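Colleague: Could you take me through one part of this model slowly, beginning with a single residue in a loop and then moving outwards to its chain? I am still learning the vocabulary, so please explain each term when you use it.

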Amino acid sequence: MADHAQEHAHDTAHAEGHDHDEHPVDNFWTKYIFSTDHKMIAKQFLITGMFMGLVGVFMSMLFRLQLAWPGESFPILETFLGKWAPDGVLDPNMYLALVTIHGTIMVFFVLTAGLSGTFSNLLIPLQIGARDMASGFLNMISYWFFAASSVVMLTSLFVETGPASGGWTVYPPLSALPQAMPGSGAGMTLWLVSMTLFVGGSLIGSLNYIVTVINLRTKGMTMTRLPLTIWAFLVTAILGVLSFPVLLSAALLLIFDRSMGTSFYLSDIMVAGELLSNQGGSPILYEHLFWFLGHPEVYIILLPALGITSEVIATNSRKPIFGYRAMIGSILAIAFLSFVVWGHHMFITGMNPFLGSVFTFTTLLIAIPSAVKAFNYITTLWKGNIQFTPAMLFSIALVSTFVAGGLTGIILGDSALDINVHDTYFVVAHFHIVMGLSAIFGMFAGVYHWFPKMYGRMMNKTMGYLHFWISFVTAYGVFFPMHFTGLAGLPRRYYSSAEFPIFDELHDINVIITFFAIGGGIAQVIFIFNFFYSMWRGPKAPQNPWRSNTLEWTAPVEHMHGNWPGAIPEVQRWPYDYSKPGYEEDFVPQNVPIKKGEHAH
Amino acid sequence: MTGIITIVVLVLAVITALQLMRVFELSSKARKQVEYEVTDRDNNYQGWLMLLFGIAMIVSLFWMLYAWLPLTLPKPASEHGVEIDSLFKISMWVIIAMFLLVQPILFYLAWRYRGAKDRKAAYYEHNNRLEFIWTIVPAIILAVLIIYGMTTWSNVMSPKNEKEPIVVEVYAQQFKWIIRYAGEDNKLGYANVRLIKDANVVGVDTLDLLSADDKVASEIHLPVGRPVLFRFRSQDVIHSAYMPHFRAQMNCVPGMTTQFQFTPSVTTADIRQDANVQAKVARINALRTEKGLESYAYDYLLLCNKVCGSGHFNMQMNIVVESEEEYAKWLAEQKTIAETL
Ligand code: HEM
Ligand SMILES: [Cu+2]
Ligand SMILES: [Cu+2]
């Protein structure tokens, strides 16, 4: 505790602009573990997120084996799953558990905490010109909630009855009744505990981000001079603050139903031959609460990736981002609309058909700001001088997947069409491409781009290229074919399609998908290797390796508390003055004063 | 033993990778340039790869459409299904067209403007007219789709009935379906999970006179050309009654009743004569004989499409669509509740 107090006092000292050289030497604990420095916390989020990502992707490789060759024996399954894969044949309950935990980990742990936790923490103070987050202490707490929730989630893999298995949406009554499936026992309890911790951490983090962006911008950093990354992080945080509490309430009511005999979600149930006394509840209530978070959640995942892409595409096209204000406008429009579309996940729950029409309308509206964003990215490339860094490649890939996945949303958002494709592999294809791939690509782009800022060293470009191409090709290879199995009527969350002769002819497609999945999964080893190798052995980073305009590149390469020695740079212009006529260089950092007679943006 | 081999292979792999990195580094040092810097040569290569990828993507899209579209669901077997399918086709054409417009442009631009040392990018930050156009054009296209979609949806969900629909209850439980026909009066008697006892598997209230003529069945038979109103209930968890050949689906939610109505338009016997269906069945049977499985005849299906536990993947029931007479004959053979209890 004494350490924290000291750290804290110290940060305040920074804010007041005291001398920095007399900083006491950090010990291992204060530097790496209980750090309140936003740069270190960003790295903690990143490493934890990456680890969870490996677990999640590995799970998908395991269950893809079962989907391609149902009922066949794979010794690797028994090695990892033990009694859940007797003789190497995956147990149906374990299949559902793997899918559930895979989904949960990817959505929440990798692409919410791992992505926005990493880059909001790293970039908000550095790009707005602040010494640190508004509260370093709360920031640390937010990471520790996340770490604790990760530990609980991973622990749940080892309980006797298996982890939660009702799908990442954990709809009751299935998730409420241990009699209904083994995963709804202790595993589900741990899932709920883990998510409660997660929401706690996420809320603390988000509030901190919002306060920091609003209050701690350096002189001259008006809202319309903010890089689009910061806009994206700010809006994401607001979405999180408004929607995560609703998930928490859904989870709490579920906890009550599970352990205190309440009936919020339960009514008229007989399960495994046992008649329950619960009456009057409605599972539909849970669905409303869940999706009120759930849909904004997909934008919580996506917006930071889009923000990162805006920055990377502009920098590496050596061109201003096209339509800066339209980009902000569309972020805001998407954010607003994302709160009024949740019903598109519930078209066939028996809701009033009129409501279905309303949700179709609002859902298809979102396509408009999304289209604007896509077109603006594309126009930014036009007449650019494109530098293909690995980050740039991933950003272009993001635009491609965002378009490809967004388009199928037009089918799913249409209530009449959703009747027949709801919960089929068409949906799996859609959300993986538009949300999973886009966000993962955005995250990779961010890592490649800001690695020098995080570790003071450069990642290996050649390996980056290799990693990119294998990932990009296999990603489409995995998810594009799923559209077709979906249109053939194959439901998702099926342990095996072999019970239905009509799906027999989809076998080839499933094998292809699995090969791509395994290839793509293994390719991530290249990334992991590159990451750790470069962290320790990579060449030292120069001050501004990508010749970028934003403030973080004016901070010294060697990290320091408070980010800048001496005064914080003052902002004189917007962040996208690339290739501006009248300048020798093709970039003009934000702290360079406007010349006489120069037209400011 | 395998353990040791695995470890040795892993160690060797890491060593190889480390050596490779050294080679990268030394070779870039020899060329007097830092490895991470993007050269004109890189831009050229990557630009071409982008273009290549774009082309490959379009080609493989067409290949997939050619090879896999025939594997998708055959023509709809219900009246509203035709409507849904035409909406689907139009939406699909729109999105494929957009895909074919936008993706090539993206990869083309990436290639066309690949960087070079002696080039300078244009300073081009916005253009209100362009932005207006690509806000308005998608808005118009979407408006058309929205209106078309909403009309279809309300036609499907609130059909106008010329004939009185046959009422059929679909009762879901882990992991099977039970069907209850409404009988002579075409009205389902009251039922509740609390009344389930022995042979009374769906929990009908025997005191409710409406229930006496209800009939519990283990297969769905439907007369062609008559609207059928399905009422869905669940005994335990949420299931979803998915009848893909009819383009019909509705969740079965414990504690409440949901419904969906459609009119089957093609009998099972007729759909088996459909050319596409016959080709499909032939392909499937070729695969099945290869694996030594019994041969397959095409049937309409009811599947569970909301995860409901370990047996979720095998919760199915056949649906037979037949002529009025065949249907009447089949139904007459089924016992009423009054008779069974
Ligand atoms: C190697 C990469 C991946 C593969 C091969 C893969 C594959 C799959 C498959 C086959 C399913 C099961 C579909 C079903 O039965 O319903 C699934 C579910 C899911 N995946 Fe992935 N996935 C991958 C990456 C991702 C990523 C990046 C995300 C991030 C959004 C993600 C999120 C999900 C979610 C949310 C589910 C739904 C889980 C559920 O049904 O409860 N996956 N994935
Ligand atoms: Cu949604
Ligand atoms: Cu079911």
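Modeller: Asp268(A) is buried, with a relative accessible area of 14%, where buried means under 20% relative accessible area, exposed means over 50%, and partly exposed lies in between, using a 1.4 Å probe and the protein chains only. Please keep in mind that this is a predicted model, in which local features need pLDDT of at least 70 and side-chain atom pairs count only at pLDDT 80 or more, while totals for chains, interfaces and linings use all residues. Residues are numbered from 1 along each chain as its sequence is written, chains are lettered from A and ligands numbered from 1 in the order in which they are written, and side-chain values use heavy atoms, with hydrogens and water left out.

Asp268(A) sits in the loop between helix H8 (228-259) and strand E1 (270-271) of chain A; helices (H or I, at least four residues) and strands (E, at least two) are DSSP runs, numbered from the N terminus. The backbone of Asp268(A) has a phi near 50°, a positive value in a residue other than glycine. In chain B, Asn186(B) likewise has a positive phi, of about 55°, although it is not a glycine, and Asn186(B) lies in the loop between E2 and strand E3 (215-217) of that chain. With 15% relative accessibility, Asn186(B) also counts as buried.

Loops hold another backbone detail in this model, the cis peptide bond. One such bond runs from Pro172(A) to Pro173(A), with omega near 0°, and Pro173(A) belongs to the loop between helix H6 (136-155) and helix H7 (186-215) of chain A. Another runs from Gln174(B) to Phe175(B), with omega near -10°, and Phe175(B) is placed in the loop between strand E1 (166-173) and strand E2 (176-181) of chain B.

Around these loops, chain A has 16 helices and two strands, and buried residues make up 70% of its 601 residues. Some of the helices are linked through aromatic rings: Phe394(A), in helix H12 (residues 390-412), pairs with Phe444(A), in helix H14 (residues 425-455), 50 residues apart. Their ring centres are 5.1 Å apart and their planes meet at 35°, so the pair is tilted; rings of Phe, Tyr and Trp (its six-membered ring) pair if their centres lie within 6.5 Å, and planes under 30 degrees apart count as stacked, over 60 as edge-to-face and the rest as tilted. Phe394(A) is buried at a relative accessible area of 0%, and Phe444(A) is buried at 13%. The rings of Tyr448(A) and Phe527(A) have centres 5.8 Å apart and planes at 65°, so that pair is edge-to-face, and it links helix H14 with helix H16 (residues 507-537), 79 residues apart.

A further meeting place of distant residues is His483(A), in helix H15 (residues 461-487) of chain A, which is buried with a relative accessible area of 8%. Not counting residues up to four places away in sequence, His483(A) touches Thr408(A), Phe426(A), Ala429(A), His430(A) and Ile433(A), contact meaning heavy atoms within 4.5 Å. The C-alpha atoms of His483(A) and Phe426(A) are separated by 4.4 Å, although the residues are 57 apart along the chain.
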